[in-house]
Amino acid sequence: MVKAFIDLLYRYALRLVRIPNFTPAHQAALARALGRPKDETRKEFAVPDFPMICRLGNATDAAGRPTAFFNRQGEEWHSDGAGSGDVNGITMLYALDVPRQGGETMYASLHTAWETLDPATQARIRPLRTLHSFNWHNDKILRLSPGAAKPLSAAERAAIPDRRYNLVQTHPITGRTLYYVSPNLVHEITGLDETERDELVAQLIGHASASHRGYRHLWSPGDLLVWDNNALMHSATDVSAYVDDRRLLHRSFTVPPANAI
Ligand SMILES: [Fe+2]
């Protein structure tokens, strides 16, 4: 059963399961079946007794205090795990409350992006390496979304060091080529100054996320999306679309074993 689920996950990179009443215990069990779940970085928003599950969205308590992590940046393409070195991590996102409009999640295939890239750009980016920095990114979130989360302690920051990756990669399980870039985290690209870095990242993200190649998921309560972060990047959408409605999802992140398939 789990093997069949994983086979389909790597074949299609994204799976939607409609499953009402999927509890945190169910999510934790599936996360463990897929590999090694990681505890959430923003511990104040972890589901009680489930440190691997984070509450995401604009939910608040009766006093208006946030009870979920709410990143107000909206569209921001990335792969989960790019900041922690878990390039091939699997994300699960389960919808509890969804707004009447907006709040979609967008997906783009990094394989399709590579395969449809022009040969000159393929040759240009093949030797490049990137530096992805979670702390640089997180500092930016806290500046742009004041009060969204507690600043990390020095020990928590040190536990997430900057990571260097090849820009062009071979997927460790499917063997397909892709380019791996999380624009929110890319602090450096070898040999490029900041302007060149930003131009190349914008070109690669614009190409990958072109709407005719991507998928935009309109959530319903009870939707569970599971995806392979090495094959796909994803993005939220404009948060101003649902200011009067509550949005709450449960996220977990699992590092699969090396022999996942
Ligand atoms: Fe994400």
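Q: When do two strands pair?
A: Two strands pair if DSSP finds at least two bridges between them. This model is predicted. Here, 3 bridges join E6 to E12, and the two strands run antiparallel. Look at Met-106: Arg-216 in E12 stands opposite.

Q: What is the order of the open sheet of 3 strands?
A: The order is E12-E6-E14, with antiparallel pairing. The edge strands are E12 (215–217) and E14, each of which pairs on one side only. From one strand to the next, the twist averages 25°.

Q: How many bridges join strand E3 to E4?
A: There are 2 bridges between E3 (residues 46–47) and E4, and these strands run antiparallel. One partner to find is Cys-54 in E4, which is bridged to Ala-46. The two strands form a hairpin, with 2 residues between them.

Q: Which residue in the turn has a positive phi?
A: Asp-49 does. Its phi is about 70°, although Asp-49 is not a glycine. You will find Asp-49 in the loop between E3 and E4.

Q: Is Asp-49 buried or exposed?
A: Count the C-beta atoms around the residue. A residue is exposed if 12 or fewer others lie within 10 Å. Asp-49 has 9 other C-beta atoms within 10 Å, so it is exposed.

Q: Where is Ala-13 found?
A: Ala-13 is in the loop between helix H1 (2–12) and strand E1 (14–18). Its phi is near 75°, a positive value in a residue other than glycine. Now count again. Ala-13 has 23 other C-beta atoms within 10 Å, so this residue is buried.

Q: How many residues of strand E4 are buried?
A: E4 covers residues 50–57, and 6 of its 8 residues are buried. E4 also has strand E15 (residues 248–255) as a neighbour: 4 bridges join the two, which run antiparallel. In that pairing, Leu-56 is bridged to Leu-249 of E15.

Q: What should the 15 residues of helix H7 span?
A: Allow 1.5 Å a residue, and the expected span is 21 Å. The end C-alpha atoms of H7 (residues 194–208) are 21 Å apart, which agrees.

Q: Which residues of H7 are buried?
A: They are Leu-200, Val-201, Leu-204, Ile-205 and Ala-208. Look down the axis of H7: these buried residues fall within an arc of 125°, so they line one face of the helix. Turned away from that buried side is a face with the exposed residues Thr-195, Glu-196, Glu-199, Ala-202 and Gly-206.

Q: What do the buried residues of H7 pack against?
A: They pack against four strands and a helix: strands E6 (105–109), E10 (177–179), E11 (186–189) and E14 (232–235), and helix H3 (110–115).

Q: How many residues has the largest nonpolar core?
A: Start with the general idea. In soluble globular proteins, nonpolar side chains tend to be buried together. In this structure, the largest nonpolar core has 53 residues. Met-92, Leu-110, Tyr-179, Val-181 and Leu-232 have the most contacts inside this core.

Q: Which residues is Met-92 in contact with, leaving aside its neighbours within four places in sequence?
A: Met-92 is in contact with Gln-27, Leu-30 and Ala-31. From later in the sequence come Leu-224, Val-226, Arg-251 and Ser-252.

Terms used: Residues are numbered from 1 along each chain as its sequence is written. This is a predicted model: local features need pLDDT of at least 70, side-chain atom pairs count only at pLDDT 80 or more; totals for chains, interfaces and linings use all residues. A residue is buried if 20 or more other C-beta atoms lie within 10 Å of its own, exposed if 12 or fewer, and partly exposed in between; C-beta atoms are placed from the backbone. A nonpolar core is a set of buried Ala, Val, Leu, Ile, Met, Phe, Trp, Tyr and Cys residues joined through C-beta atoms within 7 Å. Two residues are in contact if their C-beta atoms, placed from the backbone, lie within 7 Å. The expected span of a helix is 1.5 Å times one less than its number of residues. The arc is that of the directions from the helix axis to the C-beta atoms. Axes are lines fitted to C-alpha atoms, for helices over the stretch in contact, and angles run from 0 to 180 degrees between N-to-C directions.
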